[in-house]
2 protein chains.
Amino acid sequence: MSKEITSRVTDYSQWYNDIVVKADLAEHSAVRGCMVIKPHGYAIWEKMQAVLDRMFKETGHSNAYFPLFIPKSYFSKEASHVDGFATECAVVTHYRLKNDGNGNIVVDENAKLEEELVVRPTSETIIWNTYKGWIESYRDLPILVNQWANVVRWEMRTRLFLRTAEFLWQEGHTAHATQEEAIEESERMLHVYADFVENWMAVPVVRGRKSANERFAGALETYCIEALMQDGKALQAGTSHFLGQNFAKAFDVKFTGRDGKLEYVWATSWGVSTRLIGALIMAHSDDSGLVIPPKLAPIQVVIVPIYKGTEELDAISSFVSELVVKLKAKGIAVKYDDRDTQRPGFKFAEYEMKGVPVRIAVGKRDMENGTVEVARRDTKTKLTVGQDGLEIYLQQLLEEIQQNLFDRALAFRDSHITPANSYEEFKQLLDEKGGFISAHWDGTPETEQRIKEETKATIRCIPLDNPREEGVCILTGKPSTQRVLFARAY
Amino acid sequence: MSKEITSRVTDYSQWYNDIVVKADLAEHSAVRGCMVIKPHGYAIWEKMQAVLDRMFKETGHSNAYFPLFIPKSYFSKEASHVDGFATECAVVTHYRLKNDGNGNIVVDENAKLEEELVVRPTSETIIWNTYKGWIESYRDLPILVNQWANVVRWEMRTRLFLRTAEFLWQEGHTAHATQEEAIEESERMLHVYADFVENWMAVPVVRGRKSANERFAGALETYCIEALMQDGKALQAGTSHFLGQNFAKAFDVKFTGRDGKLEYVWATSWGVSTRLIGALIMAHSDDSGLVIPPKLAPIQVVIVPIYKGTEELDAISSFVSELVVKLKAKGIAVKYDDRDTQRPGFKFAEYEMKGVPVRIAVGKRDMENGTVEVARRDTKTKLTVGQDGLEIYLQQLLEEIQQNLFDRALAFRDSHITPANSYEEFKQLLDEKGGFISAHWDGTPETEQRIKEETKATIRCIPLDNPREEGVCILTGKPSTQRVLFARAY
């Protein structure tokens, strides 16, 4: 493995790609737009899934599974949904291949589907068509269901994890008897996401609402969490939608209330995807490679022996095997890398690139002195530490690293929320500093659209509990009652 | 919910469908051949996944994720594979829908793919095309990777869990430097599957090899575990394939050995699917509904209060909340159902239908006597048990139920392995008794094929460590050196 990657200042985009590939997280596949998630990348996703899944269950949700395919006609049933999702998608038209007699495999034109099937870009339609059969009375509500699945959106310009034709995600779809309950649910899940991204991924987020332009197709309200990457661009890390009765009406899902009256059901949906891995990479990593927060690191501590000959190795291995037991007892994911096919320097570079939070080296001198060398990935500092009570030291160190990564990202983020009071200042800040720009906006989709066209910046969100402030729109000069957060975004 | 299901003797097939639907496990979706796995069914699958995933990791495997789509041409690369998998499949031909101007959503003929994509029926081809980039030297081997995924095979006649167009599964794909190591791997994973099915699902299996006719398309050897259902039909519960160098040759995957020579890589693949849920249902359930072995039950113990008025309920709930803490501390999944919208009798019927292993009822009289009523799902027996030390009693009871289910299934299976020494006897046994029939066979695909056509029975497997025995083929009278197991199968 080449240890060199492009630096962030040279080419941020290339730096990102280099890390994804050289840290063995993912690679492009032979199928346009689809990625292969390699074991190291998938192990991070599994950690994310485990935490999120526990959070979903603690908030009363169950998992289920709905079909990969959605009949084409379903997309016509919810008017705004069709434009948002049914355009760029994978369409299944046939159900058989055949040998043409010359050794070529061709599509069998006799096996054409009566109605084309779309590979799900999101599952509201097929799920609400199913819920129709599950809901009769208020006793059947709420339905609190989540699905872990793959989805496909035919993206022309793809980037590993950030934007791929196929990606993995979870999508929660809930059904409620009242509007209040559905809004409460969509807000609850937004906070679950924020909790996860801040306390596990160590990435601070702004919680807010989307403007009408940026809302999910079919939603009355889209809540979102927005994170800031090191290049000053924002990244939407999760969304939670209050769907009103739109899908219930589209699929005719009614329930009998306690009062005996028939009413349409209220809906929410919410999702996060493998895109979070992209956010994780871009929030913390450096010019030496990936940096993973300890709470999501598949390997939290790696131990590398430095030795000449089997006698030295045996002494070190004997010490390490005891240490490994103590670390595992503390719930620390540890790996002892005693491969004899690679030299220590190669291993150091490999684990640095792969973002393992703590690396321990043990050599002959260490064994004599009762010490080890501890290297932190986040600060790239090394320290000699006594072997006694090392497991307690490491446990605290991992917590410290987790906190340090969050604090660092928070300081960066907070120093990149800048007010702008004129359009000139706004454009200058965007070009020279990036980050979130807090500015007055007249509240119209037209103004937002014009700003987007002229500057590539969008309203990332209207923060929850946004303070009221009298002002004028930076573009139109019309009156405004609050600032909103603009940014260029992934 | 209607409490009535068809009995097994009346219509076994309908009994199975009734259980799947009335126990809320799954249902047919609006998309032909695709099922919706409902929360109760999915919870069983999650339990299965968790155990299997741990077993895979303990045997050194990591998870990864490969694309859903496979270029059509890949199927031509492995000669036998194309016939086995590329015929009945979902073919993506376009990547866009559009509004035709009259409000109809139609396929955009300007967005036709240059090469059609097949929704993966199994992933050997795309994975070996990927492995080509991962493998250069013996140092890169072995690769021990598993994928949890959805796959699609266009089945015309589908049955929930047993045979559906889309299903969920795991597929392990490993790459090795030597033939011996690859064979060892495929055998190891067969034993992992057998361990899981016997010790978690409580279903006894026969471990064996497939005959050439029944081998996986592209395999040199297919190992399998075969289980017996209550109607005397066999069900293949898992397969593990030694693929030789077929896929390495098809995708040109070579490695440099320690001796510096280039050689093709050796391969295995192995999988189990949501079909296992079908096996679980058919092995243990009865005319009252589903029976789930305790180790895979999402709810192991359900507690139902029997009360009049809030005072009685409060006293019961106070006792139950302490019991719940004690049960959870023992790792027992417990649910207290104090819904006031349903009567106890309704709840009893619901949990019986859903297969909860142990049901506890507590009423006023119980509270006075310091007892509870414990009902076992497997034997349908009820017992009054003291409240003191109840958690220890229940822990033992769950173990006893697990063992009882296995013993019962084993006794049934063992009483349904019958030798046949003539074709007449063979056919008579098939029609009158079913089960596995142990018979001599001349070893030719032609004979197996003729028996299949005439009797619908196939060779389920040639058991591992099969004893040698001189005999003559039941069909042709030609000499044979061992008996093999025939059965009609799912």
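**Two chains and one helix in a predicted model**

Me: How many residues does each chain give to the contact between chain A and chain B?
Reply: The model is predicted. A residue belongs to the contact if heavy atoms lie within 4.5 Å. Chain A and chain B are each counted this way, and the contact takes 61 residues from chain A and 61 residues from chain B.

Me: Which residues of chain A lose the most area to chain B?
Reply: Chain A and chain B bury about 5100 Å² between them, with 66% of it on carbon and sulfur atoms. Three residues of chain A together make up 13% of what that side buries. The residues that lose the most area are A:Tyr65, A:Leu97 and A:Ile105.

Me: Which side chain of chain B meets A:Arg96 in a salt bridge?
Reply: Between chain A and chain B the count is 4 salt bridges. In one of them, the distance from N to O is 2.9 Å. The partner of A:Arg96 there is B:Glu88.

Me: Which strand gives the largest share of the side of chain A that touches chain B?
Reply: By class, this side of chain A has 37 nonpolar, 12 polar and 12 charged residues. The largest share is 10 residues, and they come from residues 88-99 of chain A. That strand is β5.

Me: Why do the buried residues of α13(A) line one face of the helix?
Reply: In helix α13 of chain A, residues 445-455, the buried residues are A:Thr447, A:Glu448, A:Ile451 and A:Thr455. An α-helix has 3.6 residues a turn, so residues three or four places apart point the same way. Seen down the axis of α13(A), the buried residues line one face because they fall within an arc of 100 degrees.

Me: Which exposed residues does the face of α13(A) turned away from its buried side carry?
Reply: The buried residues of α13(A) are covered by elements of chain A that include α12 (423-432), β23 (458-463) and β26 (483-487). On the face turned away from the buried side, α13(A) carries exposed residues. These are A:Glu446 and A:Glu453.

Me: Is A:Thr122 buried or exposed?
Reply: A:Thr122 lies in the loop between β7 (112-119) and α4 (124-134) of chain A. Its side chain makes a polar contact with the side chain of A:Glu124 at 2.7 Å. The cut-off for buried is under 20% relative accessible area. At 1% relative accessibility, A:Thr122 therefore counts as buried.

Note on methods: Residues are numbered from 1 along each chain as its sequence is written. Chains are lettered from A and ligands numbered from 1 in the order in which they are written. This is a predicted model: local features need pLDDT of at least 70, side-chain atom pairs count only at pLDDT 80 or more; totals for chains, interfaces and linings use all residues. Side-chain values use heavy atoms; hydrogens and water are left out. Buried means under 20% relative accessible area, exposed over 50%, partly exposed in between (1.4 Å probe, protein chains only). Helices (H or I, at least four residues) and strands (E, at least two) are DSSP runs, numbered from the N terminus. The arc is that of the directions from the helix axis to the C-beta atoms. Buried area is the accessible area (1.4 Å probe) that two parts lose on being put together, summed over both. Ala, Val, Leu, Ile, Met, Phe, Trp, Tyr, Cys and Pro count as nonpolar, Asp, Glu, Lys and Arg as charged, and the others, Gly among them, as polar. A polar contact is a pair of N or O atoms within 3.5 Å; within protein, one must be able to donate a hydrogen and the other to accept it, and residues adjacent in sequence count only if both atoms are side-chain atoms.
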